[in-house]
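Colleague: Could you pick one part of this model and take me through it closely? I would like the cut-offs spelled out as you go, please.

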Amino acid sequence: MTLFSSEYQKLNSEQKQAVDTLEGPVMVIAGAGTGKTQTIALRIANILDKTQTNPSSIICLTFTDSAAFNMRQRLLTIIGPAAYSVKVHTFHSFCNEVIATNPEYFIFAPDVKVADELQKIEIITNQIEKLPDGSILKPWGDRHYYLREIQSKIPSLKRENITPETFSKLISDESQFIDASAEIYQELKSLRLSKTLESQLVTINSKLLTLPHLSSPILTQLNYLYNLFNTGGFEVGAAKNPAINYKNALINLIESYQKNLPKQQQLLQVYFGYQQSLKDQGLFDFDDMILFVLNAFCDHQDLLRNYQEKFQYILVDEYQDTNSAQNEIVDLIGSYFDNPNIFVVGDDDQSIFRFQGASIENLYHFVNKYQVTPIVLHNNYRSHQLILDSASQVINHNQNRLGTLLKNVDKQLISQQTFDHDPINLTIAPTLLEENYLIANKINNLIQQGTKLSEIAVLYRNNNDSAELAEMLNQQKIKFYLTTDQDILKSKPITHLIYLLKYILNPNDSTLLYPILSSEFVNFDPTDLLHIFRHEKISTLSQKKLKKFNFRVAKARVRLDRYSLDKFFNITIRKFKFLQ
């Protein structure tokens with residue numbers, strides 16, 4: 001018996017169905033802990049076992065480098081060295097390979113380079129400066145208040161394959177929709193709860209759908225809200241009556257377009273200028289890479305045909321997170337056949353990389369396009385039933401789910417774990433300090449009961465939530481491992497170093513002296529520090545330390561004028577014992 005055969009026998013019936021359905025489009029809804037990676041790997045093994053397909057004719061697209069690595073390792077254990085021939089890529093690495101392999105289709109500039117974060121910020125800042133003073137994206141109080149938001153919006157537009165030209169058309173459609181729906185909007189606001197409210201809303205929906213110049217996004221949102229109303233999705237909401245909730249949803253939709261239109265018009269201006277600046281400087285950003293490949297596939301049929309012939313089987317992991325541009329690349333590669341061998345695995349409840357609503361859009365689009373019945377993996381191998389039922393009770397409050405739109409999809413997870421479980425406890429602490437103390441105390445109790453540290457995890461919402469908890473764990477001498485995306489420039493040591501550099505630049509600024517002397521790397525006596533600022537006598541030891549500190553500052557000020565900035569910086573952090 002081969003390893004594939006022995007692993008195949010361990011699969012449940014739904015997993016076997018996914019592995020055995022080799023031809024045509026297939027969708028698998030795989031909730032958390034349902035063994036999707038093993039299912040994908042065994043399906044690839046089954047393709048190689050049952051067909052004459054070459055391993056290099058199979059492509060598996062994932063979202064992260066770690067997911068691609070894990071998939072490759074899983075394949076290695078099942079099919080051996082042939083796993084190296086199967087194309088396992090993230091979307092970006094696949095597009096990068098397409099560009100590198102076919103450079104003649106991607107001639108952008110004599111010396112094209114990827115723009116770094118500083119260059120992108122500089123370009124966006126310059127574009128904001130071109131806006132009129134006091135405009136929405138350039139307010140009087142803080143001209144660059146919306147810099148971060150614009151930084152996030154432009155990549156989002158690119159990921160949805162919205163070019164500046166496309167964005168301009170969408171904004172024009174929104175403007176016309178606002179004007180055309182003005183009377184309907186007033187009619188909606190005047191509606192009150194009555195026996196005819198439901199039929200009135202059906203009539204209003206028909207009016208909205210027949211308005212001229214309805215763009216696809218507006219049409220999709222209107223249809224989505226109407227389908228949600230018809231399927232009972234508005235039974236949960238602020239109002240007890242579903243019709244009132246539906247009415248309010250339509251009003252909110254129109255009002256959101258009215259509110260956001262001026263901001264979007266200015267964002268369009270910045271977006272146009274941003275793309276033009278990149279082009280003028282021979283730069284492109286990371287999200288352009290996927291758009292380059294998408295446009296090349298659309299413009300050059302010979303390039304597209306090459307990849308259509310190359311890949312006979314396409315597998316996509318975390319399909320709910322694919323954005324419009326990525327999804328279109330998958331569609332294009334598979335478009336040579338009416339029923340392509342595209343196998344997608346996803347779960348709208350686990351969307352990480354897409355905004356709410358977009359994750360369900362991909363899955364729903366796939367079902368409608370290929371008229372497939374999703375294979376749902378129900379067996380969960382990670383958690384006990386209490387965890388699954390509790391999570392289900394929470395997520396069921398989200399009406400924006402595939403199970404709401406497709407009545408034949410039951411996503412209830414069934415635990416395959418048999419171990420005893422403790423109840424889920426909710427503890428409410430009056431302050432953050434007491435909350436952190438309770439957590440540390442609970443961990444201490446678990447350790448005393450023999451629980452391994454590696455089996456204890458603390459989850460928190462924001463990265464900065466970890467700082468005070470980490471301090472509490474340190475106080476109780478509990479070892480922990482912390483990964484965080486904390487901004488190092490806002491950490492206390494770096495803040496103190498910046499104070500020091502500012503003081504070297506301007507030694508007359510005495511306001512900087514207290515935080516510098518109180519820093520760990522200067523380590524001045526706290527009592528003597530207080531005496532200094534009271535102009536009182538300090539100890540002989542502190543006098544010597546202060547004299548030494550002043551001498552270092554004086555020397556550093558001379559170095560600032562004599563040396564290059566990088567040499568000055570390197571000497572300074574060593575002379576002031578900062579690195580220690």
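Modeller: Gladly; I will start with the whole chain, then look closely at helix H20 and its surroundings, and end with the enclosed space.

This is a predicted model, so local features need pLDDT of at least 70 and side-chain atom pairs count only at pLDDT 80 or more, while totals for chains, interfaces and linings use all residues. Residues are numbered from 1 along each chain as its sequence is written, and side-chain values use heavy atoms, with hydrogens and water left out.

The chain holds 25 helices and ten strands; helices (H or I, at least four residues) and strands (E, at least two) are DSSP runs, numbered from the N terminus. Its C-alpha trace spans about 85 × 70 × 60 Å along the principal axes. Of the 580 residues, 43% are buried, where buried means under 20% relative accessible area, exposed means over 50%, and partly exposed is in between (1.4 Å probe, protein chains only). Among contacts (heavy atoms within 4.5 Å) with a separation of 6 or more, 73% link residues 24 or more positions apart.

Now to H20, which covers residues 466–475 and has Ser466, Leu469, Ala470, Met472 and Leu473 buried. Those buried residues line one face of the helix, because they fall within an arc of 160° when seen down the axis of H20; the arc is that of the directions from the helix axis to the C-beta atoms. The general background is familiar: an α-helix has 3.6 residues a turn, so residues three or four places apart point the same way. On the other side of H20, Asn474 and Gln475 are exposed. What do the buried residues of H20 pack against? Their partner is helix H19 (432–448). After H20 comes Lys477, with a positive phi near 55°.

H19 also leads us to a pocket, as this helix gives the most to the lining of the second largest pocket, with nine residues. The space in that pocket is about 1300 Å³. Of the 28 residues that line the second largest pocket, Asn425, Ile439, Lys442, Ala457 and Val458 are the closest to its centre. By class, its lining has 17 nonpolar, five polar and six charged residues; Ala, Val, Leu, Ile, Met, Phe, Trp, Tyr, Cys and Pro count as nonpolar, Asp, Glu, Lys and Arg as charged, and the others, Gly among them, as polar.

You will want the geometry behind those terms. On a 1 Å grid over the protein atoms alone, a pocket is an open set of points with protein on both sides within 12 Å along at least five of seven lines, a cavity is a set where a 1.4 Å probe fits but cannot get out, and lining residues have an atom within 4 Å of a point. Grid points are joined across faces, edges and corners, and a volume is the space filled by probe spheres set on the points.

How many cavities of 30 Å³ or more does this rule give? The count is one, and the largest cavity holds about 30 Å³ of space. Its lining is made up of His92, Lys158, Arg159, Asp287, Ile290, Asn323, Ala325 and Gln326. Helix H7 (147–159) and helix H15 (324–334) each supply at least two residues of that lining, which divides into two nonpolar, three polar and three charged residues.
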